[in-house]
Structure formats: structure tokens, C-alpha cells
2 protein chains.
Amino acid sequence: MATASSQPVYRATTTAPVNIAVIKYWGKRDTTLNLPTNSSLSVTLSQRSLRTLTTASASAKYPAEDTLNLNGKPQDIQSSKRTLACLSNLRALRKSLEDADASLPKLSTLPLRIVSENNFPTAAGLASSAAGFAALVRAIANLYQLPQSPRELSRIARQGSGSACRSLMGGYVAWRTGEQADGSDSLAEEVAPASHWPEMRALILVVSAEKKDVPSTEGMQTTVATSDLFATRAQTVVPERMDAIEVAIRDRDFPKFAEITMRDSNTFHATCLDSWPPIFYMNDVSRAAVRLVHDINRAVGRTVAAYTFDAGPNAVIYYEEKDSELVAGTVKAILGASASGWEGPFYEVLANVTVPGVSLDNIDSRVLDVLKGGVSRVILTGVGEGPVTVEDHLVTETGEIVTK
Amino acid sequence: MATASSQPVYRATTTAPVNIAVIKYWGKRDTTLNLPTNSSLSVTLSQRSLRTLTTASASAKYPAEDTLNLNGKPQDIQSSKRTLACLSNLRALRKSLEDADASLPKLSTLPLRIVSENNFPTAAGLASSAAGFAALVRAIANLYQLPQSPRELSRIARQGSGSACRSLMGGYVAWRTGEQADGSDSLAEEVAPASHWPEMRALILVVSAEKKDVPSTEGMQTTVATSDLFATRAQTVVPERMDAIEVAIRDRDFPKFAEITMRDSNTFHATCLDSWPPIFYMNDVSRAAVRLVHDINRAVGRTVAAYTFDAGPNAVIYYEEKDSELVAGTVKAILGASASGWEGPFYEVLANVTVPGVSLDNIDSRVLDVLKGGVSRVILTGVGEGPVTVEDHLVTETGEIVTK
């Protein structure tokens, strides 16, 4: 039997970011491969605020079955077809390398131990699966020293969770729907790096987290199957918006970016409402956030803020840093001490703001009450980079899970 | 100068009903003539519960200008183009009669005094304009002894308020969009009389009446101009639903009627949400009513209830009388003493109901809380007849307004 020293533990660790779509992914044309009915586009959020940290390790000393530990809890990956699909795709790529170069250690034959941690609470209602699968794919790709580009790896991450493919890159990321039945051209690509338009900020209003009514995967398939309006969005509306928002990003045209973002969020939720039975993700607090943004824009006289809502009630409000007082400053004045989270790396510009950037006389008084009662927490962040390789391993040199 | 006796007061009085659409009217292709972008279909509600009572009178002794008194208050009809259009159309028809028969009194030359009363509070958020304009047109048509059918008169009522054209008839009424630019074929017609399917009941949940955010006329034009999904509904979805719901009515197929009704309400509100800026008429209480209906149908195992929402948060729940306990009985058990209005001609079947027809264990507990907190009043009614000529005049024989 081999000694411990002959059973090395191979490790690689990465972070991966959350992304928030401005053109929404909603609907699969292939549920196994996670092929979408329409292209989508997102902003990658800074990992200084929100990130998943994942270590992938491989060793002959591990039990034969791959394992995944998430936030301190073992996960049942054997029953997760999506995770298994990612692992087998990555192993196959490693195997090709090993077949071509006999000097490489046969990592593809070793069991994997994957350990992952989010630095944000699941209860915040943020789509953690995107960052999670992006980190998993990126960490294993690093472990296996795969030469594939993030764009090529996005084909694999997509199979874990559709939107995960967009978390493999920073800045402004498009996921092209593609045309091939095997999904080989359904890939994410960076439209512009974060450095192209670094002033983009995002303020997340965390609305008291009731259990989500309909899980996304189930919800989107209900919409595809039943909404009479869905095909119009997927086939006509989104392609035009994709073109237009890429131009807006190229030109750093915030008002145009903002209008497309808000309209696409509304159209997405409209197709949910048009589903059978209808799906509601936005609630009265979400609607108050919509009103707030329109009221702020009207009061300022230009479009300084844009809302978007994923499959849940949380509002994400995009704005440019120069308008921090007008947007985030106004929200801060409204929420006062009723919401936590006013802190972190993007807070400095607001630390000394005590009066709203926009007089609250401009905001509907019901909106003020509903927001104050319904937003428990905020997350202040901005556009950021893609996954980063780090040495902060969650598995020790000898293969033990790091307990924090 | 003529004596009083030579200046007779001509009078005619009618009632007119409220109608609630199951295929919604939303969008005008001609705003002056109130020509719709799509056909619609409604259920006329019983005047034993809700009705407008209107007396039209004409006399040479009246001041020269036509007047309208509504719920005890003089209205400024000279600045209401819609009212003036109705009056001038009706006068022209009377004039034709007078021109053809010289023995007829020249009522078309006399000032009109119109007095109208609703038996339901405006605050209930019910579309009173439909019943109001239907009663106005019917009363004057009676006063003028016009030979035109309700279908022909609907052309005139439509110009007062689009949905008013459907309140000129009882039972199940379609408003055909028509194709002519002058609106001559945009008319309402009875699809089936109330007696064809008299078991239809409607329970209106009156949701605390905040001021309506966007008036219907403004809202529908915003949708037409800005929603990318609107054309699909108007051109494709509604024509199919019109055909299908007419079949459902013909066959008294409640489950089919119910599904089309609910889906069209959802599609209508989806196009509102897809408008720019977005329009929200449903709130969290409305959503709770949607859930309630789906939960009741699921618990019963067949479709016994259907919701629909106009341009406001009130829910109208349709059901058949035989299912009163299952539907209205369950709502009554949920609301308990927190909502008034459990009374009137349709209440008898429920008077002794003390337990919910569907166990409340089948209803989401949040839904129960939201409904109990948000529904202040109910109106229990059913399908009913069209306008009825009555002798309960609101103007005396000598032309005075009756003070009640």
C-alpha cells in the first residue's frame, strides 16, 4: 500500500463573482444542456462585496466518490445531474491532456474533494448558484491546468446553472443563445471588461425573504410552455435589446443602458404573470422600488438609476458612481436605521451623506412607507472582475477541510 | 310668452347595469371614437346589486344648456367631449324621426335635464362610467322614442365610455372591435342572455381603495404606445380567446370559461407591466386573491372559481351558484367580520354557512393573512339583465330634480 507521501493532495482555489442580468435569461430550449431560448447580458458584481470561494482538490487518499462541501455542509452531488455533468466534462478535458502528455499526473483518475463558501447569506435571496458553479468549474479547471479560455469553459459552467456561465468573466458579459443542438455555440463572452465602465454601481435592496414561490427552473419552463407572450419576447424583443444594450455599454450611455435594463426586467416579469398558473416574483415592496427609481429620475430630470428584478422580490438598482448621492444617498435617507448593510468598500462616498440627494418631497409617500417597512438589508457594490486564483485554500495540504 | 302648461316636461327613466369583462378591453385604435384595438367580452352584473338609475327629461322651460346631475352634484358636461358626442348623436337620431313625421314633438330642439344616481359608492373602485353612460344613452333613447336596437345604440354609448357599450345588454356581451374607420361596425352584441346561464355568480373583493395610479384611458394608451408585447395580445391572443370563450359560454363550460377569464386577466396585466413606464394595478392583496382561487380549485380538484382584475386592485371572482359554499363560503370564512357587504339578494345560499367550503388548511397561510388585512368589503352578485325602463323618475312632472 502506498504511503501518505506518495498520495499527494493537488489543490487549486478560486473566487467567483455574482452576476445580475440586465437582459434576463428566462426559458430553456434544452433542459439537460441548459440551452436558453434567448441571449442574455449581465453585469459581474465586485467580489469585494459578494463572492464564492472554492477549493478543488484531488488525491488518491480520498474515498472513491467525489465530494462537495458547501458552507460547511456536505452536499449530495451524486443526485445532482448538473454537478455530475460539470465534473465529467472537466475530467474529459483533463484526460485529453494526460493522453497527450504521459508525464502529467493522472488527476482525471483521482477522486475530487471540493469545498466552497459564500461570503453572503443564502437568505439574502441572491442567486448563489451562478457564483457557485462558476467557482466550481474555474477551480477544477485550474486544478487540472486546463488550457481552455473562460469562453470555452462557459459551455461547462452553463450545464451546472445557466447563469453561471456569465460569472466566469468580469465586467459586462453576454451569453449567446447559440444555434447548435449540442450547445457548442451557447457560450458566454465578455462584451466589455469592468475597466471599460468601472463607474457602474449596484445597490441591492434585500426584501424580507419569504420562501420563493416558484423555483426558477420550474418557473421558466412554465412560462415557455404556457405564456402566449413569451415567444414575442424571446424571438423579437430580446434580440433587439441585446444589440441596443451592447451599443449603450460600448458608449457608456447610462440613460440608454438604464431604460433597456428596466424595460427588460418588466417584460420578463410580464411573461411570468402571463404564465399559467401565473408566477409572481415582485411584491408590493418591489413595486415601491420601481416607483422610487422612476420618481428619482423624474426629480433629477435625467435617468440616473435603473432597477432590475430577478426571480424574487429583491431590487437591484444600477447607477453611476457620480450619482451616488442622488441614488444611494436617497435610499439611505429613506431607509435610515431600518436596513442594515450600509458598509463595505463602496460605502466611502456615502459615509457622510446625511440628507437625501433627492428631496423626499419628490417621492410618493406610500412608496417611502413601503420601502421602510419592507427592506431589511442593503448590499452596496459595483461592477467587478471575473474569478481570481487565490491561495486561501479551503483544503489543507494533507486534504483536510479547513474549518473556519 | 307661453304658459307653463304649454311647456310640458318629457321624461324617461331607466336603470343600467355594471359589466365586468372576462376578455379585457385595453387599447384604443381611435381615441375620439373609442374604437378598441381588440374585441372584448363581459358579464353583465345583476342590477339587484349594482345599478345606475337615470332620468332624461326635456323641456322648453329649462335653461338653454343641457345639464347633468350625478349623485346630487351638477356635472360640467360642456367640457366633456364624450358626453357631448353622445347627446349630439342621440339628438340627430331624434331629428330624423321628427323630420319624417311632423306630428312628433320637436324634442331634439329642447334642452335636456339628465339626473343620475348610482346605488354603489364610487369609492368601491367599480367602473361606474360604463353603467353611467349606458344609462344616459338608454334614458335619452327612451325619451326620444328611438327605434334603434341596443346593438345600434352601443355605437353611441361606446363614444361615452368604451365599456359602456356592453352595459346596454344583459347576460354575456361581446364588443366587436370592427374594421371601419368611422366605428360603424364597432358594436356590442349579446352572445347569450342571462337566462342561458343564469347560475353565474360574481363575488367582488373590494380592496382598500387607494387612488388609482394611472387612469384607464391614459394607461391603455401608454400600453399601446410602449409595450412590446401588446400587439401579440391584441392581434393573436385575444381573437383566439374570443372564439374559445364564446364556445365555453354556449356550452356553459365553467372550467373553460374560467381558465380563459383568468388567463386574459393575467395577460392584460402583463401588458400593463410591460408598458413604459410600467403600470401596476394589482397589489399584494390582488395576488393573494389569485392564489386563493388557484388553491381552492386545486383543493376541490376541479375549476370552480375564476378571478379577473380590471384597472385596479379589486378582485372579481366568478363561480356557479352550485359552488357557492366552496367559493364564496370559503371567502366568507376567511374574511369573517373584517369585511362588510355579506348581504343582499344573492346572500341567502350563504346565510347559514359557518364553515369554509374548502378547509383553510388548503390555503397558503400568508394568503389568508393578506386577504383578511386587505379586503374591506365584498359585493355578492351574479349575472343579470340589461337596462330596464322604470317609473322611478329623478325629475318631477314639473321638471324639478328629485331630492332623496
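Which residue of chain A comes closest to the rotation axis? Ala270(A) does, with its C-alpha at 2.1 Å from that axis.

The legends below describe a predicted model, in which local features need pLDDT of at least 70 and side-chain atom pairs count only at pLDDT 80 or more, whereas totals for chains, interfaces and linings use all residues. Residues are numbered from 1 along each chain as its sequence is written, chains are lettered from A in the order in which they are written, and side-chain values use heavy atoms, with hydrogens and water left out.

**View 1. The rotation axis relating chain A and chain B.** Chain A is superposed on chain B by a rotation of 180° with 0.0 Å of shift along the axis, at an RMSD of 0.1 Å, the fit being by least squares on the C-alpha atoms of residues with pLDDT of at least 70 in both copies. This is therefore the relation of a two-fold axis. Both copies use the same surface, since 100% of the contact residues of chain A recur in chain B, contact meaning heavy atoms within 4.5 Å.

**View 2. The two domains of chain A and the area between them.** Domain 1 spans 4-197 and domain 2 spans 200-382, with bounds that come from an automatic or database domain assignment; their centres, taken over C-alpha atoms, are separated by 27 Å. In chain A, 34 residues of domain 1 are in contact with 49 residues of domain 2. Together the two domains bury about 3,400 Å², 68% of it on carbon and sulfur atoms, where buried area is the accessible area (1.4 Å probe) that two parts lose on being put together, summed over both. On the side of domain 1, Lys24(A), Trp26(A) and Trp197(A) lose the most area to domain 2, together 29% of what that side buries.

**View 3. Salt bridges across the domain interface of chain A.** The rule, which asks for a side-chain nitrogen of Lys or Arg within 4 Å of a carboxyl oxygen of Asp or Glu, finds 2 salt bridges across the interface of domain 1 and domain 2 of chain A. The side chains of Arg176(A) and Glu246(A) meet in a salt bridge, at 2.7 Å from N to O.

**View 4. A salt bridge between helix H3 and strand E11 of chain A.** Arg151(A) and Glu189(A) form a salt bridge whose closest N and O atoms are 3.4 Å apart. The pair links distant parts of the chain, with Arg151(A) in helix H3 (residues 150-160) and Glu189(A) in strand E11, 38 residues apart; helices (H or I, at least four residues) and strands (E, at least two) are DSSP runs, numbered from the N terminus.
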